[in-house]
Amino acid sequence: MAPSGSRSIKRSCQTVLYWIPVIFITLIVAWSYYAYVVQLCIVVYLLAYHVVFILFTWAYWQTIFTKPMNPLKEFHLSYSDKELLEREDRGESQQEILRRIAKDLPIYTRTMSGAIRFCDRCQLVKPDRCHHCSVCDKCILKMDHHCPWVNNCVGFSNYKFFMLFLAYSLLYCIFITATDLQYFIKFWTAEGRTHDRLLEYLNGLPDTQAKFHIMFLFFAASMFSVSLASLFVYHCWLVCKNRSTLEAVRAPAFRHGADKNGFSLGLSKNFRQVFGDEMRYWPFPVYSSLGDGCSFPTCLVNQDPEQPTSPGHNPPPNKAVVGESHQFPAKPLRESQSRLLNSAPSWTENGGAEDKERRGTSNPAMAIENET
């Protein structure tokens, strides 16, 4: 076994390495700001540029520094349950213990073999859509993926922020590409001119150094636009189908078998589950997602149009009904599920006081206790 000092040094080195992609993106963005505002300095565009820039950096900051939400303490094994589980050496006996523990929890997904999903590292029964991140070394609620560009897990607590980060970073790159295009063209078409005439032809660009900033700014923004566009479109599709990246790779398994559309409630309800009910909060990276991340309504109540109904298919009891038979999950989740499952799509801003109370109780910094 390696000494604790060596493990500490290794962990410190890994932490520094994990921040390198974030530092790289930050430097690129800082340079782009300098190249556009100081060197290009198109006054008529600067107001719109700064609006997009602020929204982009705000969403990026929220994605990086919003801590992933971990399962509630109800999903963690008690000390006696841990001892009992360790004493059993047979898989079936352990599953019996886990089934007893999980019977009062809102858990409807299983492993592909039909077993209770259990994390050996965190010693907890995994909630639906929860996965263990090997980089963070903890279970993350509704984990989508671990993103090295934000040095954070993208999951239930910050998925809205991640979507806005993709949207505003794409808009930022497209805006720069569009407004910089005419000067980029002038640079290339003026190659045969003398230096003095070139400066005159570029309509007031300050010096020769500026044109290289403008040229590389155009190239960088164009290349990032292509990659961001494909990633943004893919995650828009995931939101519309209510899937995570992990669920798109491997369909979640329910009691009746694997179901790729198991959590899809229809386009509008899927969108509201991520962005919330009130339109005024959609464009801003503030927390407004519905639920608590530990339990989710399923398409067994509102079947996805693309999901075929097989003959003889007997769906398990729907979550909204089962949720009323015991005290878990907490009240904020039952309210959000009730609206998702039963209410017609509403894009109004009514019910402000009730929604503020719900958002306050659903705030990940207040509602979720970190695992011990």
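# Exercises on a predicted model

Three strands of this predicted model form an open sheet in the order β1-β8-β9, and their pairing is antiparallel.

## Exercise 1: the sheet

Work out which strands stand at the edges of the sheet, and what this leaves without a neighbour.

**Solution.** Begin with the order of the strands, which runs β1-β8-β9 in an open sheet. Next, count partners: β1 (109-110) and β9 (257-258) each have a single partner strand, so one side of each is left without a neighbour in the sheet, and these two strands are the ones at the edges. Then follow one pairing in detail, where strand β8 (residues 253-254) and β9 are joined in the antiparallel sense over two bridges. Within this part of the sheet, F254 is found opposite G257 of β9.

## Exercise 2: two packed helices

Determine how α3 is oriented relative to α4, and identify which residues of the two helices meet.

**Solution.** Two packed helices are described by the angle between their axes and by the distance between those axes. For helix α3 (residues 79-87) and helix α4 (residues 91-102), the axes come within 9 Å and cross at roughly 160 degrees. Angles over 145 degrees count as roughly antiparallel, and α3 is therefore roughly antiparallel to α4. As for handedness, α3 passes α4 in a left-handed crossing. The contact itself brings D81, L84 and L85 from α3 together with Q94, I97, L98, R100 and I101 from α4. Sorted by class, the residues in this contact of α3 with α4 are five nonpolar, one polar and two charged.

## Exercise 3: annotated spans

Take the residues that UniProt annotates as "transmembrane region", and establish what share of residues 42-61 is helix and what share of residues 161-185 is helix.

**Solution.** The unreviewed UniProt entry places the annotation "transmembrane region" on residues 16-36, 42-61, 161-185 and 212-234. In the model, the chain over residues 42-61 is 95% helix and 0% strand, with its end C-alpha atoms 27 Å apart. Residues 161-185 are 100% helix and 0% strand, and the end C-alpha atoms of this span are 35 Å apart.

## Exercise 4: positive phi values

Locate Q123 and N242 in the chain, and state the phi of Q123 and of N242.

**Solution.** Q123 belongs to the loop between β2 (118-119) and β3 (124-125), and its phi is near 55 degrees, a positive value in a residue other than glycine. N242 sits in the loop between α7 (208-241) and α8 (245-249), and the phi of N242 is likewise positive, near 55 degrees, in a residue other than glycine.

How values were computed. Residues numbered from 1 in each chain as written. Predicted model: local features only at pLDDT ≥ 70, side-chain atom pairs only at ≥ 80, totals over all residues. Heavy atoms only, no water. Axes fitted to C-alpha atoms, helices over the stretch in contact; angles between N-to-C directions. Helix = DSSP H or I, 4+ residues; strand = E, 2+ residues; numbered from the N terminus. Parallel < 35°, antiparallel > 145°, perpendicular 65-115°, else oblique. Left-handed = near helix turned anticlockwise from the far one by under 90°. Contact = heavy atoms within 4.5 Å. Nonpolar A, V, L, I, M, F, W, Y, C, P; charged D, E, K, R; others polar. Pairing = 2+ DSSP bridges. UniProt positions renumbered as here; feature names shortened; annotations may be inferred.
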